[in-house]
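These are my notes from going through one structure, entry by entry. I wrote down what I looked up and what came back.

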Protein chains: 2
Amino acid sequence: MTDGETDQNVRPTNLGQIIKKARTDLQMSQRDVEEATGKEISNAYLSQLESGKITKPSPHILYALSTVLAVPYETLMERAGYIVPSAQRPADVKHGRAATFAVDNLTADEEAALLDYLAYLRTKKG
Amino acid sequence: MTDGETDQNVRPTNLGQIIKKARTDLQMSQRDVEEATGKEISNAYLSQLESGKITKPSPHILYALSTVLAVPYETLMERAGYIVPSAQRPADVKHGRAATFAVDNLTADEEAALLDYLAYLRTKKG
DNA sequence: AATGCATGCTAAGTCTGTCAAGCACTAACT
DNA sequence: AGTTAGTGCTTGACAGACTTAGCATGCATT
C-alpha cells in the first residue's frame, strides 16, 4: 500500500533514535533531561545513547528515561535487546501517541495553560 | 537450636544464594549449568555470581538461568535490583497534577496541537 | 567584534560484568 | 603412590557501560 505502512521486519528506529525523538518531541535539551533525571543521566551519556554509541544501557537507566520521556519502560527494554518478562502486554500502548505526551514534566503553569488551550480547541470544533 | 535440620526453610534473598539453592536443589554442578545453558554462562562466572562477587548480571544472563534453574525470570530480575516492568503500572506514583490532565482522552490531533502549543510556550519563557 | 550562554558532541578515563585458563581440593580407581 | 575425573574457586585480561572535563558551533546581546 502506498506509504506509511510499517514493515515489522525492518527496524529503522533503534534505541537511540527512539530516545532522541521522544526528547525532541518534548522540546527538551539533553541537559534538560539530565536535570529531569536528577543528574542520574548525564548529557554526555545521553548523547552517546542517542548516537548509538551505547546500545545496551542498564535497565535502571532505561527506567529513568521512560519516566522522564514518557515512553513505556518495556519498549525501551525491548529495544535495548533485553528479554521482557513474558507478561507481554501488546496492548499496553493503548493510546500510543498520547503516551508520548510527558505530562510529568509540565509545570503547574504550563498545565494550566494547556488545559485552557485544550478547552478552547474543543469549544471550537464542537 | 536443636533444629537438627539445616535451615533450608528460609528463603534466600540474595541473588547469589537464590541461584545456588536452585542449582543444588536440582543436583546440578556449576559445570552442569554451564552445559545446560549451552556455554552461555561459564562455570567460573557462575561461581562469582553465587558468591556474590557479581551483583548485577545482565538480564539475558538472568533469563538463561531462569530457564535452566526453573526460577521465574522476574524473581531474578528483582533480586538483581532491576525494576520489573509489571511493577510499573499500578504505582505511577508521582503524578498528582498529571491526574487532572486527561491525556487519555486526547485525540491525535489534539495532542499534536497541544505539543505545538507547549513548544510555543517554552520558547516564550525560555 | 566580543562576550556570554546554550546545545550537542568528543576524549580519556574508571568501573564492572564477562570470559578463558588454570589452581586447589576431593574421591575414586589401577 | 599416581592418575584421572569432578567439584568450586581465583586470576588476568578484555569489552562495554558510564563519568567528568572540555571542545566547537550557533545564537543572542552589548
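**Entry 1. Chain A overall.** I counted the elements of chain A and got seven helices and zero strands. Read along the sequence, the pattern is α-α-α-α-α-α-α. I am working with a predicted model. Chain A has 126 residues, and 37% of them count as buried. I also looked at contacts in chain A between residues at least 6 apart in sequence, and 51% of these join residues at least 24 apart.

**Entry 2. Helix α1 of chain A.** I asked which residues of helix α1 (residues 15-25) of chain A are buried. The list is A:Leu15, A:Gly16, A:Ile18, A:Ile19, A:Ala22 and A:Arg23. They cover an arc of only 165° around the axis, so they sit on the same side of α1(A). What do the buried residues of α1(A) pack against? I found α2 (30-36), α3, α4 and α5 of chain A. After α1(A) comes A:Gln27, and I noted that its phi is positive, near 60°.

**Entry 3. Aromatic pairs.** I searched all chains for aromatic pairs and found two. A:Tyr63 and A:Tyr73 form an edge-to-face pair, with 5.3 Å centre to centre and 85° between the planes. A:Tyr63 belongs to helix α4 (residues 59-69) of chain A and A:Tyr73 to helix α5 (residues 73-79) of chain A, so the pair links parts of the chain that are ten residues apart. I then checked whether each ring residue is buried or exposed. A:Tyr63 has a relative accessible area of 26%, which makes it partly exposed. A:Tyr73 has 0% and is buried.

In chain B, I found B:Tyr63 and B:Tyr73 as an edge-to-face pair, at 5.3 Å centre to centre and 85° between the planes. B:Tyr63 lies in helix α4 (residues 59-69) of chain B and B:Tyr73 in helix α5 (residues 73-79) of chain B, so this pair ties together parts ten residues apart in sequence. B:Tyr63 is partly exposed at a relative accessible area of 35%. B:Tyr73 counts as buried, with 7% relative accessibility.

**Entry 4. B:Glu50.** I picked out this residue, which lies in helix α3 of chain B. Why does B:Glu50 count as buried? Its relative accessibility is 10%, and the cut-off for buried is under 20%. I looked for a polar partner and found that the side chain of B:Glu50 makes a polar contact with the side chain of B:Arg23, at 2.6 Å. Leaving out residues up to four places away in sequence, B:Glu50 touches B:Gly16, B:Gln17, B:Ile19, B:Lys20, B:Arg23 and B:Gln30.

**Entry 5. DNA strand C.** How many residues surround DNA strand C? I got 20, and the closest are A:Gln30, A:Arg31, A:Asn43, B:Tyr45 and B:Ser58. Of the strand C atoms within 4 Å of the protein, 61% belong to sugar or phosphate and the rest to bases.

I then looked up single polar pairs. A side-chain N or O atom of A:Asn43 is 2.8 Å from a base nitrogen of DNA strand C. For B:Gln48, a side-chain N or O atom is 3.3 Å from a base nitrogen of that strand. A:Ser47 has a side-chain N or O atom 3.4 Å from a phosphate oxygen of strand C. The elements that give two or more residues to this surface are α2 and α3 of chain A together with α3 of chain B. By class, I recorded six nonpolar, eight polar and six charged residues near DNA strand C.

**Entry 6. DNA strand D.** I repeated the search here and found 20 residues around DNA strand D, the closest being A:Tyr45, A:Ser58, B:Arg23, B:Gln30 and B:Asn43. Sugar and phosphate account for 57% of the strand D atoms that come within 4 Å of the protein.

What does B:Arg31 reach on DNA strand D? One of its polar side-chain atoms lies 2.8 Å from a base nitrogen. A polar side-chain atom of B:Lys53 lies 2.8 Å from a phosphate oxygen of DNA strand D. The side chain of A:Thr55 has an N or O atom 3.4 Å from a phosphate oxygen of the strand. I noted the elements giving two or more residues to this surface: α3 (43-50) of chain A, with α2 (30-36) and α3 (43-50) of chain B. The residues near DNA strand D divide into six nonpolar, eight polar and six charged.

Terms used. Residues numbered from 1 in each chain as written. Chains lettered and ligands numbered in written order. Predicted model: local features only at pLDDT ≥ 70, side-chain atom pairs only at ≥ 80, totals over all residues. Heavy atoms only, no water. Near = heavy atom within 4 Å. Polar contact = N/O pair within 3.5 Å; in protein donor to acceptor, adjacent residues only side chain to side chain. Helix = DSSP H or I, 4+ residues; strand = E, 2+ residues; numbered from the N terminus. Nonpolar A, V, L, I, M, F, W, Y, C, P; charged D, E, K, R; others polar. Phe/Tyr/Trp six-rings, centres within 6.5 Å; stacked < 30°, edge-to-face > 60°. Buried < 20%, exposed > 50% of the residue type's maximum accessible area, 1.4 Å probe, protein only. Arc of directions from axis to C-beta. Contact = heavy atoms within 4.5 Å.
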